[in-house]
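Biologist: Please show me the model. Then I will ask how each label is earned.

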Amino acid sequence: SLSGLATRLGAVPLFADLDQAARAAIAVELEWLSLPGGVLLYAEGEAPDAMFILLSGLLSIASGPPSEAGDETMEVRAGECVGEVGLLTGRPHTGSVVALRDSTLARMAKPVFDRVMARYPAILLRLTREIAAWSVRPSPRDLAPTARRTVALLPLSDEPLPRLAHRLKTALEAGGRRTVLLDATDGGRVDEE
């Protein structure tokens, strides 16, 4: 619902300072978008036509050829936006964005973006500050990996899966990783601590 989207926009730092009525006015202009895991949102080099607000799920931004993208990826989490730099500069996207898991986004088309920025200049100021802060962040290759990963085990031998899962968990934890074992009884639960 629109009131639900307006409330969710309150959790997005870009819109957090706006009152509910202002967020509701913006929500009316947004388009809902469901993006299945593994699907490309936009490609590096494409002309920007919208900003996207991630409401749930997880995205990855990668620049350069796919074979080299592993070292240059950044994750986008719920409450963060993508595509805003292109809308501000008018330059092509500097990276490709793909959903790492099923994601829900709100799309703000360029004409809507321009109207919202003109009507609520505080958003433009906050966006400018976020971009400035983002531009001085360390490179992803300089940061320790913090992303949650999900691994599925499939039987290819006679070894029982629970035993293999526990051995893998022990090995990962010995390397300093935090792990959670899920099985069919967890019904798709994902730990989001």
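**Helix α4 and the salt bridges**

Modeller: Lys110 and Asp114 sit 4 residues apart in helix α4, so about one helical turn separates them. This is a predicted model: local features need pLDDT of at least 70, side-chain atom pairs count only at pLDDT 80 or more, and totals for chains, interfaces and linings use all residues. Residues are numbered from 1 along each chain as its sequence is written, and side-chain values use heavy atoms, with hydrogens and water left out.

Biologist: What makes Lys110 and Asp114 a salt bridge?

Modeller: The rule asks for a side-chain nitrogen of Lys or Arg within 4 Å of a carboxyl oxygen of Asp or Glu. Their side chains meet at 2.9 Å, N to O. By this rule the count comes to 7 salt bridges.

Biologist: Why is Asp114 called partly exposed?

Modeller: Buried means under 20% relative accessible area, exposed over 50%, and partly exposed in between (1.4 Å probe, protein chains only). Asp114 has 38%, so it counts as partly exposed. Lys110, with 30%, is also partly exposed.

Biologist: Which residues of α4 are buried?

Modeller: Val112, Phe113, Val116 and Met117. Seen down the helix axis, they fall within an arc of 130°, so they line one face. The arc is that of the directions from the axis to the C-beta atoms. On the other side, Ala118 and Arg119 are exposed.

Biologist: How do you know what makes α4 a helix?

Modeller: Helices (H or I, at least four residues) and strands (E, at least two) are DSSP runs, numbered from the N terminus. Helix α4 covers residues 110-119.
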